[in-house]
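Subject: Structure handover

Hi,

Here is the structure I promised to pass on to you. Please have it open while you read, as my notes follow below.

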Amino acid sequence: MDRPNTFFNFADLSEGIARALADGIETRVFPGEQAMFSVVSFEPGSEGSIHSHPEEQWGVLLEGSGTRIQDGVDVPVGPGDFWRTPGGVEHGFKAGPDGAKVLDVFAPPREAYRKSGSGFAA
């Protein structure tokens, strides 16, 4: 049976909108009307730039380990840890030695992420 176009799977990299965020960091984006999922894969030791955006962001570490940098504070995180980042707060992530997979949720959706591209986009 075929799935409706509103059902997805984290492991299926053919789904979603592809975006290369930085060297060693790729995401698949799933936009909705009021919120957006971004499944981010980090290679070991990869690090995203510190950035901010007006949208609220929630993140959960699904696999691996890393350090969440938020508002100038470094917080080590492991599988199951999750965090909230208010709009306008500077933040980033550095993957641990085994890499990481993070689920980010944006509300409202980030307009720049509605199409494939590269970079974190402001």
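Are Arg110 and Glu55 buried or exposed? Both residues are buried. Please keep in mind as you look around that this is a predicted model.

**Salt bridges**

Arg110 and Glu55 are a good place to start, since their side chains form a salt bridge, with N and O 3.6 Å apart. Arg110 sits in the loop between β7 and β8 (117-118), while Glu55 belongs to the loop between β3 and β4 (56-70), so this pair ties together parts that are 55 residues apart in sequence. The count of salt bridges comes to four, and I will mention two others here.

One of them joins the side chains of Arg84 and Glu56, at 3.3 Å from N to O. Arg84 is in strand β6 and Glu56 in strand β4, so to speak two distant parts of the chain, 28 residues apart, that the pair links. Arg84 counts as partly exposed at 41% relative accessibility, and Glu56 is partly exposed too, at 28%.

Another salt bridge is formed by Glu111 and Arg114, whose closest N and O atoms are 3.2 Å apart. Glu111 is exposed, with 54% relative accessibility, whereas Arg114 is partly exposed at 33%.

**Around Thr85 and Gln70**

Thr85 lies in strand β6, which covers residues 82-85. With a relative accessible area of 1%, Thr85 is buried, because the cut-off for that class is under 20%. Its side chain makes a polar contact of 2.8 Å with the side chain of Arg68. Beyond its neighbours within four places in sequence, Thr85 is in contact with Glu55, Glu56, Gln57, Arg68, Gln70 and His91. Glu55 and Glu56 may catch your eye in that list, as each takes part in a salt bridge described above.

Gln70 is part of strand β4. At 18% relative accessibility, Gln70 also counts as buried, because it falls under the 20% limit. The side chain of Gln70 has a polar contact with the side chain of Arg68 at 3.3 Å, and it reaches the backbone oxygen of Arg84 at 2.9 Å. Setting aside residues within four places in sequence, Gln70 is in contact with Trp83, Arg84, Thr85, Pro86, Val89, Glu90 and His91. Gln70 and Glu90 are 20 residues apart in sequence, yet their C-alpha atoms are 6.0 Å apart in space.

**Nonpolar core and surface patch**

Which residues have the most contacts inside the largest nonpolar core? They are Phe42, Leu61, Phe93, Val102 and Tyr113, in a core of 17 residues. Two or more core residues come from each of β1 (17-22), β2 (25-31), β3 and β7 (91-107), and β7 gives the largest share, with five residues. In soluble globular proteins, nonpolar side chains tend to be buried together.

Leu61 is worth a look in the viewer. Not counting residues up to four places away in sequence, Leu61 touches a list of residues including Val77, Pro79, Trp83, Phe93, Ala100 and Val102. Of these, Phe93 and Val102 are also among the residues with the most contacts inside the core.

On the surface, Phe10, Phe37 and Leu62 make a nonpolar patch of about 250 Å². Phe37 is located in strand β3 (residues 36-42) and is partly exposed, at 38% relative accessibility.

Happy browsing, and best wishes!

How values were computed: Residues numbered from 1 in each chain as written. Predicted model: local features only at pLDDT ≥ 70, side-chain atom pairs only at ≥ 80, totals over all residues. Heavy atoms only, no water. Helix = DSSP H or I, 4+ residues; strand = E, 2+ residues; numbered from the N terminus. Buried < 20%, exposed > 50% of the residue type's maximum accessible area, 1.4 Å probe, protein only. Polar contact = N/O pair within 3.5 Å; in protein donor to acceptor, adjacent residues only side chain to side chain. Contact = heavy atoms within 4.5 Å. Patch = residues over 30% accessible without salt bridge, like charges linked within 9 Å, V, L, I, M, F, W, Y side chains within 5 Å. Areas by Shrake-Rupley, 256 points an atom, 1.4 Å probe, with all protein chains shown as cover. Core = buried A, V, L, I, M, F, W, Y, C linked by side-chain atoms within 4.5 Å.
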